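Please work through the exercises below with the sequence and the model at hand, trying each task before reading its solution.

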There are 2 protein chains.
Amino acid sequence: MIQISIPKGTRDFSPETLRKRHYIMNIIKNVFEKYAFEPLETPAMENIETLTGKYGDEGDKLMFRVLDNGEIIEHLKPKETIELETINKKEFIDEISSNPSTELKIGLSKEGDIVIENPNQSQKEFYQVLSGALDKMLGSSKQLGAAVSEKALRYDLTIPFARFVVMNRNNLVFPFRRYQMQPVWRADRPQKGRFREFYQCDADVVGSKSLILEIELLNIYREVFEKVGLKNFELRLNNRKILAGLAQLIGATDKMMDMTIAIDKLDKVGIEGVQTELQKNNFDEEQIKKIVEFLSLKGTTEERFTQLKNIFADNEEALKGVKELFFVMKQTETLCPNASLVLDLTLARGLNYYTGIIIEVKAKDVQMGSIGGGGRYDDLTGVFGLPNVSGVGISFGLDRIYEVMDELKLFPDNLQTGVQVLFINFGNEPEMYAFQQVQKLRTKDIVAELYPSNDKIKKQMEYAHRKKVPFVVLIGEEEMKTQKFQLKNMETGEQQALSLNEIIVAIEK
Amino acid sequence: MIQISIPKGTRDFSPETLRKRHYIMNIIKNVFEKYAFEPLETPAMENIETLTGKYGDEGDKLMFRVLDNGEIIEHLKPKETIELETINKKEFIDEISSNPSTELKIGLSKEGDIVIENPNQSQKEFYQVLSGALDKMLGSSKQLGAAVSEKALRYDLTIPFARFVVMNRNNLVFPFRRYQMQPVWRADRPQKGRFREFYQCDADVVGSKSLILEIELLNIYREVFEKVGLKNFELRLNNRKILAGLAQLIGATDKMMDMTIAIDKLDKVGIEGVQTELQKNNFDEEQIKKIVEFLSLKGTTEERFTQLKNIFADNEEALKGVKELFFVMKQTETLCPNASLVLDLTLARGLNYYTGIIIEVKAKDVQMGSIGGGGRYDDLTGVFGLPNVSGVGISFGLDRIYEVMDELKLFPDNLQTGVQVLFINFGNEPEMYAFQQVQKLRTKDIVAELYPSNDKIKKQMEYAHRKKVPFVVLIGEEEMKTQKFQLKNMETGEQQALSLNEIIVAIEK
């Protein structure tokens with residue numbers, strides 16, 4: 001047997017697993033749609049320049065780059081064909097032709113491909129000339145390999161969404177509410193619960209600053225988690241404006257992101273770990289002390305709101321953040337008294353595009369990181385040249401929700417009933433007769449199946465048993481005559497002679 | 001504005017398009033499930049050796065290869081790190097170390113990566129040594145680039161399915177019936193109607209030779225196309241055993257695939273084109289004459305079956321193919337007299353793994369290639385080391401079905417109603433009051449939306465209009481008091497003061 005496998009960090013989803021995943025995804029999708037979000041899908045591949053620089057250095061490293069086969073430079077051939085779509089080919093040719101230190105011959109083929117002849121230079125010189133020209137044109141010192149690869153698999157759904165909004169800004173109706181449920185790819189080191197291909201389920205609204213949207217998104221979380229049967233969860237809230245106020249308060253406005261990233265690690269490394277992280281980033285003793293004090297604020301929600309108002313009495317922007325939080329929490333609780341809202345001033349969220357309220361969802365009866373998160377961003381589309389479009393969005397962590405539901409046994413029992421009734425195959429005339437009955441049941445939307453050949457009854461029964469089919473029908477020549485078929489209940493073992501109509505009633509009960 | 005775009009041959013699917021695509025996909029999915037097929041999903045990426053060599057040379061060329069960023073060899077550095085998971089690292093190191101013609105130093109880093117030092121050799125020699133070792137180990141003359149890229153995006157759903165079946169052969173219940181609806185990627189030259197990312201919708205059964213399965217799959221085609229409203233279509237049938245018989249008849253058994261590929265082009269190039277193609281492949285005059293004669297067989301289905309029996313009177317295998325076809329067509333017509341079956345002896349299908357009955361679906365009122373196709377294969381899993389597992393499957397061409405339905409205007413009118421009712425936002429107290437009503441409607445599963453800010457009424461109405469919202473509700477302070485809200489029908493312009501319960505009735509009518 002040949003050794004076969006799938007790429008590390010990826011998964012096949014068997015029918016059993018997939019039914020459970022679809023169960024969750026359908027609930028999320030239905031709630032998104034009820035809340036007037038519209039579906040969107042973007043391609044798996046994006047141009048490399050759409051994605052790079054949007055997720056920090058770490059993100060750039062973890063991107064999966066895609067090559068056409070034709071794009072691979074054949075390293076050892078003296079005559080090379082290169083397809084480079086990210087650059088202007090004519091400029092590239094001019095650039096190389098005008099290089100006095102090279103004897104490369106370069107030109108365009110009839111098909112529009114760049115053809116290079118390299119009569120007597122070494123391979124090393126060859127690449128130096130090429131990458132020198134590319135560096136000059138692309139304005140970077142990217143290695144040749146990176147320049148040749150012009151596409152990458154999407155890393156999240158948010159940047160492609162921003163790219164879509166900017167590309168279609170003249171046709172979209174704003175505020176634009178979209179949901180998107182598609183896989184994303186990250187070349188992370190695979191480990192338990194972390195995969196290289198995984199689904200994201202996002203809902204975002206762009207083109208409005210209204211806090212109604214935050215309230216709606218919190219309600220979506222609440223409704224989805226109630227629908228999947230998760231009773232004990234928390235919607236944790238903070239506001240980036242408050243964190244920005246804290247940075248200002250300690251005189252570290254320029255190091256806001258460093259501070260945020262350090263605070264974001266609190267869950268994993270504890271308060272000492274955060275202090276170490278801050279020291280590494282050159283925060284001084286006094287600054288660290290104030291940050292720790294702030295993160296340790298105690299009291300009821302009301303008490304902490306009062307403290308926040310005092311701390312930021314002179315900081316208009318931070319106060320605005322406090323008021324936003326207060327408004328959203330109060331209105332959400334008015335609408336839904338048991339919404340499980342928690343003011344969490346230690347909540348930071350790693351992504352650097354958030355500017356307003358941030359949200360994270362925690363399941364309480366299980367050991368698990370956040371099962372959802374989101375927030376408001378004021379300038380996501382700015383990187384693509386469309387500034388000042390405020391948006392807010394949330395994301396569901398499908399794999400973690402699946403794990404939580406599995407652990408708490410929240411999936412319905414009947415989810416795995418694929419086939420409702422299997423007809424045993426006795427061959428010859430009874431075979432086609434049974435098949436006709438199967439087709440009749442299918443017109444009634446019953447999931448029926450005829451075992452496809454007349455194997456031994458024992459084998460056919462075993463098939464029904466392993467597939468967890470609840471009913472089996474047996475039609476021999478005798479039953480063909482009487483038109484009363486044997487219906488066997490696979491759980492109780494009970495068997496009855498029934499007409500097809502009676503069988504329908506029995507199955508659907 | 002920065003110039004932004006998406007990779008050529010890929011598409012964003014807007015809400016409007018996506019609703020239509022989902023409409024088709026849901027119909028297909030529901031029929032698949034009713035016919036007792038179980039869902040399966042495989043990863044977007046497969047190991048390169050799973051895919052190469054399965055689709056012919058053309059397929060290998062059109063594959064999108066995927067790199068981790070870390071896998072790109074940095075061409076110009078004297079010290080290199082390579083991640084090569086497809087090969088045994090130790091063997092690779094031994095192979096290079098034992099090469100007397102190189103001064104390369106090679107070893108494993110602490111992280112398990114291969115590290116190479118290249119003190120004084122030229123880059124060209126460096127690559128020659130590396131690719132020489134790789135060639136030797138991989139037993140092929142693949143270029144270095146290909147060896148370094150170890151993953152590719154899936155090219156269809158059939159080979160990943162075969163790979164899944166072999167990997168999970170001990171846990172699956174056979175016959176295994178699965179359906180799969182996922183995108184595939186091909187680096188084809190993009191043109192009208194041909195994309196580099198597109199969905200396939202497949203159903204296959206493996207582990208049974210029963211012709212009942214062919215009949216079921218034909219019924220799935222019939223039912224899906226009836227459900228989408230396509231009245232005029234043909235299910236065209238042939239059998240590869242008959243084509244094999246033809247090849248044997250003319251003494252060209254060894255050139256069966258060449259003949260099949262030539263015949264497959266009949267639709268595009270006509271009978272003269274097929275002759276030219278056959279000449280190119282060194283079929284002689286006499287052989288070509290016989291093939292053309294066979295392709296020109298005339299008469300009713302019955303008459304042609306009689307001719308086939310005569311032609312292949314001495315060829316057991318071909319006769320078996322004729323009988324299979326006859327049985328499947330007769331039984332299908334008995335079950336469903338208007339199944340639109342057509343015996344098409346010129347049908348060949350390009351894929352080389354088919355061995356039995358082959359199927360293609362043609363829409364008749366439009367100019368369009370086949371909108372679906374499939375067939376039986378007797379040894380698909382053999383390439384992965386599991387021989388003698390017969391299977392049969394069909395595929396729906398989603399993009400083409402979409403085009404046909406668009407042209408024939410088969411999509412339901414109400415498909416584009418996302419939001420059923422929009423509440424106008426008057427700010428202040430009416431705002432949150434209106435929001436409460438929206439939330440109440442949502443508990444009744446009505447897709448309701450509150451315009452998120454109190455923009456001018458005209459702008460809000462324009463928003464409702466552009467989003468094709470059928471109803472708008474207006475709640476000012478007066479309406480808050482009386483609890484009678486203004487419901488405006490956006491089509492008729494009619495306006496009424498109604499209670500929330502009356503509004504629910506009006507909307508759901």
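The exercises go from the single chain to the pair of chains, and then to particular residues.

This is a predicted model, in which local features need pLDDT of at least 70 and side-chain atom pairs count only at pLDDT 80 or more, while totals for chains, interfaces and linings use all residues. Residues are numbered from 1 along each chain as its sequence is written, chains are lettered from A and ligands numbered from 1 in the order in which they are written, and side-chain values use heavy atoms, with hydrogens and water left out.

**Exercise 1. Describe the make-up of chain A.**

Begin with the secondary structure, where helices (H or I, at least four residues) and strands (E, at least two) are DSSP runs numbered from the N terminus; chain A comes to 19 helices and 19 strands. Next, turn to burial, for which buried means under 20% relative accessible area, exposed over 50%, and partly exposed in between, with a 1.4 Å probe and protein chains only. On that scale, 57% of the 509 residues of chain A count as buried. Finally, take contacts, defined by heavy atoms within 4.5 Å: among those in chain A between residues at least 6 apart in sequence, 66% join residues at least 24 apart.

**Exercise 2. Work out how chain A and chain B are related.**

The copies are superposed by least squares on the C-alpha atoms of residues with pLDDT of at least 70 in both. A turn of 180° with a shift of 0.0 Å along the axis lays chain A on chain B with an RMSD of 0.2 Å. The two copies are therefore related as by a two-fold rotation axis. In chain A, the C-alpha nearest that axis belongs to A:Val66, at 2.3 Å from it. Because 99% of the interface residues of chain A are also interface residues in chain B, the copies meet through the same surface.

**Exercise 3. Characterise the interface between the two chains.**

Start with its extent: 110 residues of chain A are in contact with 109 residues of chain B. The buried area, which is the accessible area (1.4 Å probe) that two parts lose on being put together, summed over both, is about 9,600 Å² here, with 63% of it on carbon and sulfur atoms. Then consider the charged pairs, taking a salt bridge as a side-chain nitrogen of Lys or Arg within 4 Å of a carboxyl oxygen of Asp or Glu; ten salt bridges are found across this interface. On the side of chain A that touches chain B, helix α16 (residues 428-443) of chain A gives the most, with seven residues.

**Exercise 4. Follow the salt bridges that link the chains, and set them beside one within a helix.**

First, B:Arg442 and A:Glu216 meet through their side chains in a salt bridge at 2.6 Å, N to O. Second, A:Arg177 forms a salt bridge with B:Glu449, their closest N and O atoms being 3.7 Å apart. A:Arg177 lies in strand β8 (residues 176-185) of chain A and B:Glu449 in strand β16 (residues 448-450) of chain B, so this pair joins two chains. Both A:Arg177 and B:Glu449 are buried. Third, these four residues belong with B:Lys467 to a network linked by salt bridges.

For the pair within a helix, look at A:Glu223 and A:Lys227, whose side chains meet in a salt bridge (3.3 Å, N to O). Both lie in helix α8 (residues 212-227) of chain A, four residues apart, about one turn of the helix. A:Glu223 counts as buried at 12% relative accessibility, whereas A:Lys227 is partly exposed at 42%.

**Exercise 5. Examine the backbone for cis peptide bonds and positive phi values.**

Take the peptide bonds first: the one joining A:Phe174 and A:Pro175 is cis, with omega about -5°, and the bond from B:Phe174 to B:Pro175 is also cis, with omega near -5°. A:Pro175 is placed in the loop between α7 (158-167) and β8 of chain A.

Now turn to phi, which is positive at about 60° in A:Asp445 although this residue is not a glycine. A:Asp445 sits in the loop between α16 and β16 (448-450) of chain A, and is exposed, with a relative accessible area of 54%. B:Ala36 also has a positive phi, near 70°, and lies in the loop between α1 (15-34) and β1 (38-39) of chain B. B:Ala36, however, is buried, with a relative accessible area of 2%.
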